[in-house]
Amino acid sequence: FMLGYAGWYREGLLRDTLFYVPFQQLFFIGPVLYFYTRSLLNPDFRLQKSDWFHFGPGFIYLGFILVVFLTDKIILRRYYFYADGRDMDLDFWYQFAGLLSMVYYLFLSLRRYQRYRQNALDTVSFANAILFDWIPRFLMAFIVVLFLRVLFFILNPEWGEFGSKFWYYLCFSILFYYISISGYVVAVRSELPLQMSLFQQANTSLGVLKKINTIEESIPNGNIENLEEWKQKVIQLMEQDKLFENPSLTLSEVAKNLGTTSKQVSQVINQGFQLNFNDFINEYRTKAVIEQLKSGAHQLKSLLGIALECGFNSKSTFNRAFKKVTQQTPKRFIEELES
């Protein structure tokens with residue numbers, strides 16, 4: 001719109017260039033976001049030959065634009081496709097098909113993330129360090145942008161009138177700045193030494209996640225045999241060997257100590273304790289912190305130091321887990337303890 005109001009579409013070389021260059025790559029945006037999300041959640045991800053099928057509509061549209069250019073500029077040497085002076089990118093069929101494509105791939109990305117999140121919570125005790133919380137926020141913000149586009153199109157179908165779309169651009173700008181600032185905050189946090197060490201630690205654990213990617217589908221739906229017996233084995237391992245003090249503890253390590261499989265341990269924890277692996281381990285860590293607080297350890301050491309000793313790997317993870325278990329913040333708990 002800015003280029004249009006600047007007069008670049010009026011005549012000459014600029015008009016021809018802008019007309020025949022597709023600026024809105026609506027069929028590419030969705031697949032790019034989807035595969036980018038997959039590459040973040042799996043550092044070993046590589047595009048396979050079958051994956052290029054998803055980019056087919058985008059390449060077909062580029063081929064269509066090439067046919068338009070050849071017809072208008074080489075074969076007929078007159079405006080045939082562009083006789084109405086309207087950019088092909090603004091055609092209703094392209095805008096509508098592109099919208100459907102983006103919505104489909106955004107929901108596909110969200111579903112992929114949710115599966116990854118569940119697997120992380122069921123597999124490692126430091127899931128919060130590798131959950132990529134900004135991914136669903138970004139995807140949802142993008143979906144809201146598309147929803148607003150549809151809403152304002154229904155309210156005002158005259159897309160050629162910039163002034164009448166004032167509210168759409170205002171809402172779009174707010175979401176755009178939200179996405180940008182959120183991304184900048186993530187980048188700044190990644191520079192912090194503690195966060196870097198956590199990210200490196202988390203990155204090494206992704207191999208474990210990939211090996212147990214099908215854990216949800218592998219575990220039988222029925223009840224496990226000797227559930228109470230297995231529960232006691234897990235409890236004994238936690239209370240006597242204190243495996244929870246290992247900040248990088250994984251499901252496979254617990255299974256190795258019990259001499260069984262990862263899916264067996266996962267099923268015991270899910271069915272026996274009604275918790276995922278991450279919450280189960282953090283509950284033991286929280287109880288260990290509480291024991292130290294009751295013994296007055298917080299008067300000699302910092303609260304964060306106690307939390308790290310008990311297996312937590314960051315202050316934010318500790319605060320979140322502590323409040324989930326006790327329904328109180330650590331500060332409030334200490335105040336009540338000392339009153």
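# Questions about a predicted all-chain model

Tutor: The accessible surface of the chain comes to about 19,900 Å², and 61% of that area belongs to carbon and sulfur atoms. This is a predicted model.

Student: How many helices and strands does the chain have?

Tutor: The chain has 16 helices and 0 strands. Of its 339 residues, 40% count as buried.

Student: What makes a residue such as Cys310 count as buried, partly exposed or exposed?

Tutor: Buried means under 20% relative accessible area. Cys310 has a relative accessibility of 2%, so Cys310 counts as buried.

Student: And why is Cys171 called partly exposed?

Tutor: Partly exposed is the range between under 20% and over 50%. Cys171 has 24% relative accessibility, and therefore counts as partly exposed.

Student: How many disulfides are there?

Tutor: A disulfide needs a pair of cysteine sulfur atoms within 2.5 Å. By this rule the count is 0 disulfides.

Student: What makes a group of residues a nonpolar core, and which members of the largest one touch the most others?

Tutor: The residues must be buried, of nonpolar kinds or cysteine, and joined through side-chain atoms within 4.5 Å. The largest such core has 34 residues, and Met238, Val254 and Val289 touch the most other members. Elements giving two or more residues to this core include helix 10 (227-241), helix 11 (251-258) and helix 13 (277-294). Helix 13 gives the most, with 8 residues.

Student: What does Met238 touch, beyond its neighbours in sequence?

Tutor: Leaving aside residues within four places, Met238 is in contact with Leu243, Phe244, Val254, Phe280, Ile281 and Tyr284. There is also a second, separate core of 32 residues, with Met102, Val124, Leu131 and Leu139 among them.

Student: Ile290 is in helix 13. Why is Ile290 called buried?

Tutor: Its relative accessibility is 11%; the limit is under 20%, so Ile290 counts as buried. Not counting residues up to four places away, Ile290 touches Phe322, Thr326 and Phe333. Ile290 and Phe333 are 43 residues apart in sequence, with their C-alpha atoms 9.0 Å apart.

Student: Where is Gln25, and what does Gln25 touch?

Tutor: Gln25 is in the loop between helix 2 (12-20) and helix 3 (26-41). Leaving out residues up to four places away, Gln25 touches Leu62 and Tyr94. Gln25 and Gly98 are 73 residues apart in sequence, and 8.3 Å apart from C-alpha to C-alpha. With 24% relative accessibility, Gln25 counts as partly exposed.

Student: Which residues make the nonpolar patch on the surface?

Tutor: Leu66, Phe69, Leu70, Ile74, Ile75, Leu76 and Tyr80 make a patch of about 660 Å². Ile75 is in helix 4 (residues 56-75).

Student: How do you know that Ile75 is exposed?

Tutor: Exposed means over 50% relative accessible area. Ile75 is at 62%, so Ile75 counts as exposed.

Student: What makes the phi of Gln274 worth a remark?

Tutor: Most residues other than glycine have a negative phi. The phi of Gln274 is near 55 degrees, a positive value in a residue other than glycine. Gln274 lies in the loop between helix 12 and helix 13. The phi of Gln327 is positive too, near 65 degrees, and Gln327 is in the loop between helix 15 and helix 16.

Student: Why is the pair Lys231 and Glu228 called a salt bridge?

Tutor: The rule asks for a side-chain nitrogen of Lys or Arg within 4 Å of a carboxyl oxygen of Asp or Glu. The closest N and O atoms of Lys231 and Glu228 are 3.8 Å apart, so the pair meets the rule. Lys231 and Glu228 are about one helical turn apart, because they are 3 residues apart in helix 10.

Student: What is the N to O distance for Glu309 and Lys301?

Tutor: The distance is 2.9 Å, and the side chains of Glu309 and Lys301 meet in a salt bridge. Salt bridges that share partners also join Arg332, Glu335 and Glu336 into one network. A search of the whole structure finds 8 salt bridges.

Technical notes:
Residues are numbered from 1 along each chain as its sequence is written. This is a predicted model: local features need pLDDT of at least 70, side-chain atom pairs count only at pLDDT 80 or more; totals for chains, interfaces and linings use all residues. Side-chain values use heavy atoms; hydrogens and water are left out. Buried means under 20% relative accessible area, exposed over 50%, partly exposed in between (1.4 Å probe, protein chains only). Patches are made of residues with over 30% relative accessible area and no salt bridge: like charges are joined within 9 Å, nonpolar side chains (Val, Leu, Ile, Met, Phe, Trp, Tyr) within 5 Å. Accessible areas come from the Shrake-Rupley method with a 1.4 Å probe; for residues, only the protein chains shown count as cover. Helices (H or I, at least four residues) and strands (E, at least two) are DSSP runs, numbered from the N terminus. Contact means heavy atoms within 4.5 Å.
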